[in-house]
Amino acid sequence: MKLELILVIGILFITGSQAQESERWIGDKEYAEKQLELALKVDYDRTKMNFKLISKEENAIKYAELILFEKYGKEQIEFEKPYQVYLINDYWIIFGTLPKNYRGGVFELVFDSWNGKIMRLSHGK
């Protein structure tokens with residue numbers, strides 16, 4: 001009887017201390033792998049989402065800069081401001097500019113406004 005009581009108290013103590021450590025559900029790598037597997041199985045129509053993920057120009061620029069700064073460096077990309085930004089057929093087309101008579105290339109980025117999928121990313125020389 002005493003052993004059972006000690007076991008119950010021990011289990012309650014361990015469970016209680018774990019709950020205090022984290023009051024949130026935390027998925028592990030196995031859960032993440034299952035989610036990826038499910039996502040890759042689904043063949044979906046991107047336009048059947050309830051909303052466009054990136055519908056505003058300012059958000060398209062922020063999204064582009066996250067990618068471009070990582071790939072080409074913040075200093076280089078900011079040198080190519082102001083950006084040319086167009087939304088054509090639900091795709092954002094964004095590219096840099098250079099001062100007149102400046103030799104070199106600019107970034108070019110095309111991505112889907114519905115889901116953010118990058119369709120094209122390059123930088124001229």
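Let me start with one residue. Asparagine 101 is exposed, with a relative accessible area of 81%. Asparagine 101 sits in the loop between β2 and β3. Its phi is positive, about 65°, although asparagine 101 is not a glycine. Keep that in mind. We will come back to phi.

Now, the whole picture. This is a predicted model. How many helices and strands does the protein have? Four helices and four strands. Along the sequence, the order reads α-α-α-α-β-β-β-β. So much for the layout.

Next, confidence. The average pLDDT for the protein is 84. A score of at least 70 is reached by 81% of the residues. Where is confidence lowest, and where is it highest? The low end is helix α1, residues 2-21, with a mean of 53. The high end is α3, at 98. Where pLDDT is low, the predicted coordinates should not be read in detail. Please treat helix α1 that way, given its mean of 53.

Now surface and interior. The accessible surface of the protein is about 10200 Å². Carbon and sulfur atoms hold 56% of that surface. Of the 125 residues in the protein, 20% are buried. Then contacts. Take those with a separation of 6 or more in sequence: 40% of them join residues 24 or more positions apart.

One surface feature to find on screen. Met49, Phe51 and Leu53 make a nonpolar surface patch of about 280 Å². Phenylalanine 51 is in the loop between α2, residues 29-41, and α3, residues 57-72.

Move on to α3 itself. Glutamate 65 is in this helix. Is glutamate 65 buried or exposed? It counts as buried, because its relative accessibility is 15%, and the cut-off for buried is under 20%. What does glutamate 65 touch? Leaving out residues up to four places away in sequence, it touches Glu70, Lys81 and Tyr83.

Lys81 takes us to a peptide bond. The bond from lysine 81 to proline 82 is cis, with omega near 0°. Proline 82 is in the loop between α4, residues 74-79, and β1, residues 84-88.

On to valine 106. It lies in the loop between β2, residues 91-95, and β3, residues 107-112. Valine 106 is buried, since its relative accessible area is 17%. Which residues does valine 106 touch, beyond those up to four places away in sequence? Before it in the numbering come Glu80, Gly96, Thr97 and Leu98, and after it Ser122, His123 and Gly124. Here is a distance as well. Valine 106 and tyrosine 83 are 23 residues apart in sequence. In space, they are 9.8 Å apart, C-alpha to C-alpha.

Back to phi, as promised. Most residues other than glycine have a negative phi, and most peptide bonds are trans. Aspartate 90 has a positive phi, near 70°, and is not a glycine. Where is aspartate 90 found? In the loop between β1 and β2. Aspartate 90 is partly exposed, because its relative accessible area is 24%. Asparagine 101, where we started, also has a positive phi, about 65°. Asparagine 101 is exposed, at 81%.

To recap. The protein has four helices and four strands. Confidence is lowest in helix α1 and highest in α3. Glutamate 65 counts as buried, and so does valine 106. The bond from lysine 81 to proline 82 is cis. Thank you.

Terms used
Residues numbered from 1 in each chain as written. Predicted model: local features only at pLDDT ≥ 70, side-chain atom pairs only at ≥ 80, totals over all residues. Heavy atoms only, no water. Patch = residues over 30% accessible without salt bridge, like charges linked within 9 Å, V, L, I, M, F, W, Y side chains within 5 Å. Areas by Shrake-Rupley, 256 points an atom, 1.4 Å probe, with all protein chains shown as cover. Salt bridge = Lys/Arg side-chain N within 4 Å of Asp/Glu carboxyl O. Helix = DSSP H or I, 4+ residues; strand = E, 2+ residues; numbered from the N terminus. pLDDT = per-residue confidence, 0-100. Buried < 20%, exposed > 50% of the residue type's maximum accessible area, 1.4 Å probe, protein only. Contact = heavy atoms within 4.5 Å.
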